[in-house]
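Trainee: I should like to take a close look at one part of this model and understand how that part relates to what surrounds it. Could you guide me through it step by step?

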Amino acid sequence: MSHDDAAEELSALSIPIRSSRNCSDRRRLGCTSLEQVRRDTICFIKKFKEECGCSFAITGGTETGHSTRGQRSHEKGYKLDISRNAKVDSYIKNNFHQKGERWNKGKQEPVYEDGNGNEFALESDHWDITAMLC
């Protein structure tokens with residue numbers, strides 16, 4: 001998907017895209033880009049918003065600066081970061097099962113999973129979401 005098409009779909013549900021530099025260039029650090037994000041990833045984020053009833057922003061997408069390891073990376077369009085708040089945290093922790101923990105920057109952090117293999121990894125100030133299916 002193009003960044004503009006994905007942004008338009010998210011905007012229709014009042015899901016803003018935030019970046020520290022107020023830009024969407026995929027190759028520039030500090031930008032938040034949705035260029036080449038998977039359609040299923042956008043579909044899943046929209047579905048999550050509707051089910052949760054939570055307010056959040058997209059804070060990370062397909063831009064440079066994320067790990068490129070594995071088949072399901074930010075770069076390949078499987079992952080998005082969303083901002084944290086009490087409602088988002090509570091919804092994820094109360095509606096999905098904790099499948100384990102992973103190391104992130106020298107610290108163990110919980111990973112939750114829904115029934116379709118979509119993962120929610122807590123990373124200090126945001127949720128790192130891997131969307132498998134919509």
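Mentor: What follows is a close reading of one helix, its aromatic partners and some charged pairs and loop residues elsewhere in the chain.

The model is predicted. The part in question is helix α2, which covers residues 39-52 and so has 14 residues. From its first C-alpha to its last, α2 reaches 20 Å, close to the 20 Å expected at 1.5 Å a residue.

Consider next which residues of α2 are buried. They are Thr 41, Ile 42, Phe 44, Ile 45, Phe 48, Lys 49 and Cys 52. These residues cover an arc of only 160° around the axis, which puts them on the same side of α2. Arg 39 and Glu 50, on the other side of the helix, are exposed.

What do the buried residues of α2 pack against? Their partners are the helices α1 (3-11) and α3 (86-95), together with the strands β1 (58-60), β2 (79-83), β5 (119-123) and β6 (126-130). After the helix comes Gly 53, with a positive phi near 70°.

The aromatic residues of α2 deserve separate attention. A pair of aromatic rings is described by the distance of the centres and the angle of the planes. The structure holds seven aromatic pairs. In one of them, Phe 44 and Phe 120 are tilted, with 5.9 Å centre to centre and 55° between the planes. Phe 44 belongs to helix α2 and Phe 120 to strand β5, so this pair ties together parts that are 76 residues apart in sequence. Phe 44 counts as buried because its relative accessibility is 5%, and Phe 120, at 0%, counts as buried too.

Phe 120 also pairs with Phe 48, again in a tilted arrangement: the centres are 5.6 Å apart and the planes stand at 40°. Because Phe 48 lies in helix α2 and Phe 120 in strand β5, this second pair ties together parts that are 72 residues apart in sequence. Phe 48 and Phe 120 are both buried. Ring pairs link Phe 44, Phe 48 and Phe 120 with Phe 56, Tyr 91 and Phe 96 into a cluster.

One member of this cluster, Phe 56, also has a charged neighbour from the helix. The charged end of Lys 49 sits over the ring of Phe 56, 5.9 Å from its centre. Lys 49 is among the buried residues of α2. A further charge over a ring involves Arg 38, which lies over the face of Tyr 78, at 4.0 Å from the ring centre.

We may now turn from rings to paired charges. Side chains of opposite charge can pair when their charged atoms come close. A search of the whole structure finds ten salt bridges. One of them joins Arg 102 and Asp 128, whose closest N and O atoms are 3.2 Å apart. Arg 102 lies in strand β3 (residues 97-104) and Asp 128 in strand β6, so the bridge ties together parts that are 26 residues apart in sequence. Arg 102 is partly exposed, with a relative accessible area of 24%, whereas Asp 128, at 3%, counts as buried. Through salt bridges that share partners, Arg 102 and Asp 128 join Lys 79 and Glu 123 in one network. Strand β6, which holds Asp 128, is also one of the elements that the buried residues of α2 pack against.

Another salt bridge is formed by Asp 89 and Arg 84, at 2.6 Å from N to O. Asp 89 is buried, with a relative accessible area of 12%, while Arg 84, at 31%, counts as partly exposed. Asp 25 and Arg 27 meet in a salt bridge at 3.9 Å, N to O. Here Asp 25 is partly exposed, with a relative accessible area of 34%, and Arg 27 is exposed, at 71%.

Finally, two loop residues merit a look at their backbone. Most residues other than glycine have a negative phi, and most peptide bonds are trans. Asn 22 has a positive phi near 55° although it is not glycine. Asn 22 is placed in the loop between α1 and α2 and is exposed, with a relative accessible area of 74%. Ser 124, likewise not a glycine, has a positive phi of about 40°. Ser 124 lies in the loop between β5 and β6 and is partly exposed, with a relative accessible area of 48%.

Note on methods. Residues are numbered from 1 along each chain as its sequence is written. This is a predicted model: local features need pLDDT of at least 70, side-chain atom pairs count only at pLDDT 80 or more; totals for chains, interfaces and linings use all residues. Side-chain values use heavy atoms; hydrogens and water are left out. Helices (H or I, at least four residues) and strands (E, at least two) are DSSP runs, numbered from the N terminus. The expected span of a helix is 1.5 Å times one less than its number of residues. Buried means under 20% relative accessible area, exposed over 50%, partly exposed in between (1.4 Å probe, protein chains only). The arc is that of the directions from the helix axis to the C-beta atoms. Contact means heavy atoms within 4.5 Å. Rings of Phe, Tyr and Trp (its six-membered ring) pair if their centres lie within 6.5 Å; planes under 30 degrees apart count as stacked, over 60 as edge-to-face and the rest as tilted. A charge sits over a ring if NZ of Lys or CZ of Arg is within 6 Å of the ring centre and within 35 degrees of the ring normal. A salt bridge is a side-chain nitrogen of Lys or Arg within 4 Å of a carboxyl oxygen of Asp or Glu.
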